[in-house]
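Thanks for coming. I will walk through one structure today, starting from a single residue and working outwards.

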Amino acid sequence: MKQEIIQIITAAIGTLGFSIYFRVSEKNVIASTFGGALGWAVYLIIFELTSSIFFANFVAALVLNIYSEIVARCLKAPANIFLIPGIVALLPGAALYYTMSGLVNSDSQMFTDNLVKTGLITFGIAVGIVVGSVLFIYIEKFVNKHKKKKQ
């Protein structure tokens with residue numbers, strides 16, 4: 001449990017760094033930083049429950065995308081300033097490094113294993129973002145439709 005808390009704090013610090021690097025405004029930095037911590041926390045929980053690296057990244061990216069859309073509306077800012085720094089914690093840095101190391105060192109087993117892992121992580125993140133975006137659009141249309149009926 002202690003290690004997971006340290007990982008979440010580290011994800012938040014990394015997200016804070018990328019928020020500053022991407023020049024997120026001061027009033028939005030905290031929400032952006034929280035998004036990175038939230039995404040990593042969701043990843044850890046789902047990975048613990050399922051042991052599926054694809055599904056854990058998919059759900060984490062989905063939750064982070066929906067969080068970004070909601071916070072963007074509340075703070076009147078673009079959703080990307082919350083999504084992009086937050087997604088950085090999920091990127092497959094180590095897997096990509098070992099994929100390239102296996103390729104350069106002609107270690108086909110290392111290359112293949114990490115290539116599959118990198119692909120699953122990347123595909124999970126991409127699908128999570130797409131599903132979250134589409135889902136949010138349909139929810140927004142549904143809410144707007146019901147608001148018009150009440151008027």
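Take Ala41, which has a relative accessibility of 18% and therefore counts as buried, the limit being under 20%. Ala41 sits in helix α2. Its C-alpha lies 9.6 Å from the C-alpha of Ile9, and the two residues are 32 apart in sequence. Please keep in mind throughout that this is a predicted model.

Now the chain as a whole. The protein chain has 151 residues, and 37% of them count as buried. Its secondary structure consists of 6 helices and 0 strands, so there is no mixed order to remember: from the N terminus on, the elements read α-α-α-α-α-α. Along the principal axes, the C-alpha atoms fill a box of roughly 65 × 30 × 30 Å. If we take the contacts with a separation of 6 or more, 65% of them join residues 24 or more positions apart.

Back to α2, and to a second residue there. Thr33 also lies in this helix. Is Thr33 buried or exposed? Its relative accessibility is 13%, so Thr33 counts as buried. Setting aside residues up to four places away in sequence, Thr33 touches Ala12, Thr15, Leu16 and Ser19.

One of those partners is worth following. Thr15 belongs to helix α1, residues 2–21. Thr15 has a relative accessible area of 1%, and is therefore buried. Which residues does Thr15 touch, not counting those up to four places away in sequence? They are Ser32, Thr33, Gly36, Pro85 and Gly86. Of these, Thr33 is in α2, as we just saw, while Pro85 and Gly86 are among the buried residues of α4.

That brings us to the pair α2 and α4. Two packed helices are described by the angle between their axes and the distance between the axes. Here α2 covers residues 26–50 and α4 covers residues 80–87; they pack at about 40°, with axes 8 Å apart. That angle makes α2 oblique to α4. The crossing of these two helices is right-handed. On the α2 side the residues in contact are Asn28, Ala31, Ser32, Gly35 and Gly36, and on the α4 side they are Ile81, Phe82, Pro85 and Gly86. Sorted by class, this contact has 4 nonpolar, 5 polar and no charged residues.

What else does α4 pack against? The buried residues of α4 are Phe82, Leu83, Pro85, Gly86 and Ile87. As a group they pack against α1, α2, α3 and α6.

Next, the core. In soluble globular proteins, nonpolar side chains tend to be buried together. In this model the largest nonpolar core has 27 residues. Which of them have the most contacts inside it? Those are Trp40, Tyr43, Phe82, Ile87, Leu90 and Ile125. Two or more residues each come from α2, α3, α4 and α6, where α3 spans 53–75 and α6 spans 108–150. The most come from α3, which gives 11 residues.

Ile125 gives a view of this core from one position. Leaving aside neighbours within four places in sequence, Ile125 is in contact with Asn57, Ala61, Ile87, Leu90 and Leu91. Ile87 and Leu90 are also on the list of core residues with the most contacts.

The pair α3 and α6 comes next. Their axes come within 7 Å and cross at roughly 35°. This crossing, too, is right-handed. By class, the contact has 16 nonpolar, 6 polar and 4 charged residues.

Last, two residues in loops. Most residues other than glycine have a negative phi, and most peptide bonds are trans. Ser51 is not a glycine, yet its phi is positive, about 60°. Ser51 is found in the loop between α2 and α3, and with 57% relative accessibility it counts as exposed. Where is Lys76? Lys76 lies in the loop between α3 and α4. Its phi is near 55°, again a positive value in a residue other than glycine. Lys76 has a relative accessibility of 74%, so it counts as exposed.

To recap: 6 helices and 0 strands, a largest nonpolar core of 27 residues, and two loop residues with positive phi, Ser51 and Lys76. That is what I have for today.

Key:
Residues numbered from 1 in each chain as written. Predicted model: local features only at pLDDT ≥ 70, side-chain atom pairs only at ≥ 80, totals over all residues. Heavy atoms only, no water. Axes fitted to C-alpha atoms, helices over the stretch in contact; angles between N-to-C directions. Helix = DSSP H or I, 4+ residues; strand = E, 2+ residues; numbered from the N terminus. Parallel < 35°, antiparallel > 145°, perpendicular 65-115°, else oblique. Left-handed = near helix turned anticlockwise from the far one by under 90°. Contact = heavy atoms within 4.5 Å. Nonpolar A, V, L, I, M, F, W, Y, C, P; charged D, E, K, R; others polar. Core = buried A, V, L, I, M, F, W, Y, C linked by side-chain atoms within 4.5 Å. Buried < 20%, exposed > 50% of the residue type's maximum accessible area, 1.4 Å probe, protein only.
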